[in-house]
Amino acid sequence: MRKLLFLFSIFALVAAASAQQVFTGSMTLQFGGYWDGKRYVDLRGTKIPYVAEYIGPIRADGQVIPARGVRPGHRFGDTGIRMLGGEDAPEIYRNDNGTYFTSNAEFPIPSALDDMRIAASGVNQAWKTLTVGISSATTSTFLIRWKVYYQFSPGLGPGVQAFLPHPPAPNRDFGGYFSVPIEGNYLVTFNIASVGCNTPQAQSYFVQQFRWPQIPERGEGPFAEGFVQTVFSGGFPTIGNSEDLFYYDWDPVDGIYDETEIDNFGGQPNEAANFALVATAGGQQDTVLPTSFTITTGIQQSGNLGSLWFSDDNRLIIREAPPIALGLPSVRVMIEGGVSPGQVAGFEFQMEARVPTVGNNVPQVIELFNFNSNQWVVWDTRQATTSDSIVQIVIPNNPTHYISSNNQMRARLSWYDPGNLIIPGWTAQIDQVIWKINRP
Ligand SMILES: [Ca+2]
Ligand SMILES: [Ca+2]
Ligand SMILES: [Ca+2]
Ligand SMILES: [Ca+2]
């Protein structure tokens, strides 16, 4: 039966983002997969990049502090989408109106389903980015599980899943481990392009669950009740539609959304019962960001994975080390990224890097891994530069040979010490590494 929920005071979003209010990372998927027409592609281990934007603290009683102001012209979910390459993809759903709320501590919502009618143009298009609202009163790691259903079956009564398909298609049921650095409320944009999630019709139902990890992980651990819950956005979607209702999984909380668990926040003036949620899909070009790097020669001096994503002069800095054999590099790093399934017309690899002081004397080599021939292929050889310079490599033929059967791309970057450098301890500094995938 419907449990009329109490609503926290709606809070407008907080002021200008500063460095610590946005953090980046890569979430490793723990389950999910899909049938690509020939075989099953297991998503376990796939890393999906994310950008989390802090939108406000949680008070001791669980309530959300009203915000201090709104930065004009800034929509929070935009930041992550822009940063994660979603800017090329049309938005198929947007409910992010700049005001956010959660349920109160008495009725936490670690599991819920919201009706979601996406834009018609998004039907059967692979989702590229997904921005969701997460309220976390813990810095512990938890599992985020998402499902997308596309059919509601009325009349089944209490205790029976009212949404089909059950179980949903594997690429509409997936999740990974996540944590936040500071307890609070966040809008988090994930680049889920490599999942290939889509829906066959506009009327959809989006599930978000927060659970504790389990071993082995099957996505069925206990719900993180009282610790993590969904953030809602005030008002109604500006792209797509959602009614003033959602399904609050509480009677019992079991991942089954039965028709009697329909709920809202009491209607006006507390409309609406809609998740803070933005999704993009399709587009002519995908930007693939690195999801991991491995330094095989050299010593990491500073920077991290997120340093590689954007041309922002935040760099992954690697100090040279003696080559392990004659003719081998002094710095070598292997970088991987995941591309979304689907046809590829071509791609471009791009690196921005420098080797301060001695760059003009240091040979730099870029190789891309050919999964068809199972070998590294040298695509660019040149001297490094002392200040940032960009190398763009366009793959003219057989671009799919550079994409693995589970949609990974791999690049290897090497810098060589010519042996006559006056200054030892030089560093290779990488500002950005991306692939740009063109769709037919
Ligand atoms: Ca239930
Ligand atoms: Ca709704
Ligand atoms: Ca730069
Ligand atoms: Ca950078």
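This briefing walks through the fold, strands, core and confidence of the structure above. The model is a predicted one, and its chain holds 1 helix and 31 strands. Of the 440 residues in the chain, 49% are buried. Among contacts with a separation of 6 or more, 82% join residues 24 or more positions apart.

**Confidence, before you start**

- The average pLDDT of the chain is 86, and 88% of the residues score at least 70.
- Please take care with residues 8–20, where pLDDT stays under 50. The model has 38 contacts beyond four places in sequence for this stretch.
- Residues 61–74 call for the same care, since pLDDT stays under 50 there too. For these residues the model has 32 contacts beyond four places in sequence.

**Strand 10 and its partners**

- Strand 10 spans residues 142–149, and 8 of its 8 residues are buried.
- One side of strand 10 carries Phe-142, Ile-144, Trp-146 and Val-148, while the other carries Leu-143, Arg-145, Lys-147 and Tyr-149; both faces are covered.
- As background, side chains in a regular strand alternate between the two faces of the sheet.
- Strand 13 (residues 173–178) pairs with strand 10 in the antiparallel sense over 6 bridges. Within this pairing, Asp-173 of strand 13 is opposite Lys-147.
- Strand 15 (residues 203–211) also pairs with strand 10 in the antiparallel sense, over 7 bridges. Here Tyr-205 in strand 15 is the bridge partner of Tyr-149.

**Strand 14 and its partners**

- Strand 14 (residues 184–191) is largely enclosed by the rest of the structure, because 8 of its 8 residues are buried.
- Gly-184, Tyr-186, Val-188 and Phe-190 point one way from strand 14, and Asn-185, Leu-187, Thr-189 and Asn-191 point the other way. All of these residues are buried.
- Strand 5 (residues 47–56) runs antiparallel to strand 14, and the two pair over 6 bridges. Phe-190 in strand 14 is the bridge partner of Tyr-50.
- Strand 9 (residues 127–136) is joined to strand 14 by 8 bridges, again antiparallel. In strand 14, Gly-184 stands opposite Ser-136.

**An open five-stranded sheet**

- An open sheet of 5 strands follows the order 22-25-30-27-28, with antiparallel pairing.
- Strand 22 (290–297) and strand 28 (375–383) are at the edges and have a single partner strand each, so one side of each lacks a neighbour in the sheet.
- On average, neighbouring strands of this sheet are turned by 20 degrees against each other, direction ignored.
- Inside this order, strand 27 (residues 363–370) and strand 30 (residues 408–415) run antiparallel and are joined by 5 bridges. Trp-415 in strand 30 is the bridge partner of Gln-364.

**The nonpolar core**

- The largest nonpolar core has 105 residues, and Leu-113, Tyr-205 and Ala-279 have the most contacts inside it.
- Both domain 1 (11–281) and domain 2 (285–438) supply at least three residues to this core.
- Tyr-205 also appears in the strand pairing above, as the bridge partner of Tyr-149.
- Not counting residues up to four places away in sequence, Ala-279 touches Ile-92, Tyr-93, Ile-118, Trp-127 and Leu-130.
- For general context, nonpolar side chains tend to be buried together in soluble globular proteins.

**Two buried residues worth a look**

- Gln-229 sits in strand 16 (residues 228–230). It counts as buried because 28 C-beta neighbours lie inside 10 Å.
- Leaving aside neighbours within four places in sequence, Gln-229 is in contact with Thr-102, Ser-103, Pro-108, Ile-109, Pro-110, Ser-135 and Phe-210.
- Of these contacts, Pro-108 is 121 residues from Gln-229 in sequence, yet their C-alpha atoms are 6.4 Å apart.
- Pro-341 belongs to the loop between strand 25 (331–338) and strand 26 (346–354). Although in a loop, Pro-341 counts as buried because it has 20 C-beta neighbours inside 10 Å, and 20 or more is the cut-off.
- Pro-341 and Val-195 are 146 residues apart along the chain, with 7.6 Å between their C-alpha atoms.

Terms used
Residues numbered from 1 in each chain as written. Chains lettered and ligands numbered in written order. Predicted model: local features only at pLDDT ≥ 70, side-chain atom pairs only at ≥ 80, totals over all residues. Helix = DSSP H or I, 4+ residues; strand = E, 2+ residues; numbered from the N terminus. Buried ≥ 20, exposed ≤ 12 C-beta atoms within 10 Å, placed from the backbone. Contact = placed C-beta atoms within 7 Å. Pairing = 2+ DSSP bridges. Axes fitted to C-alpha atoms, helices over the stretch in contact; angles between N-to-C directions. pLDDT = per-residue confidence, 0-100. Core = buried A, V, L, I, M, F, W, Y, C linked by C-beta atoms within 7 Å. Domains from an automatic or database assignment.
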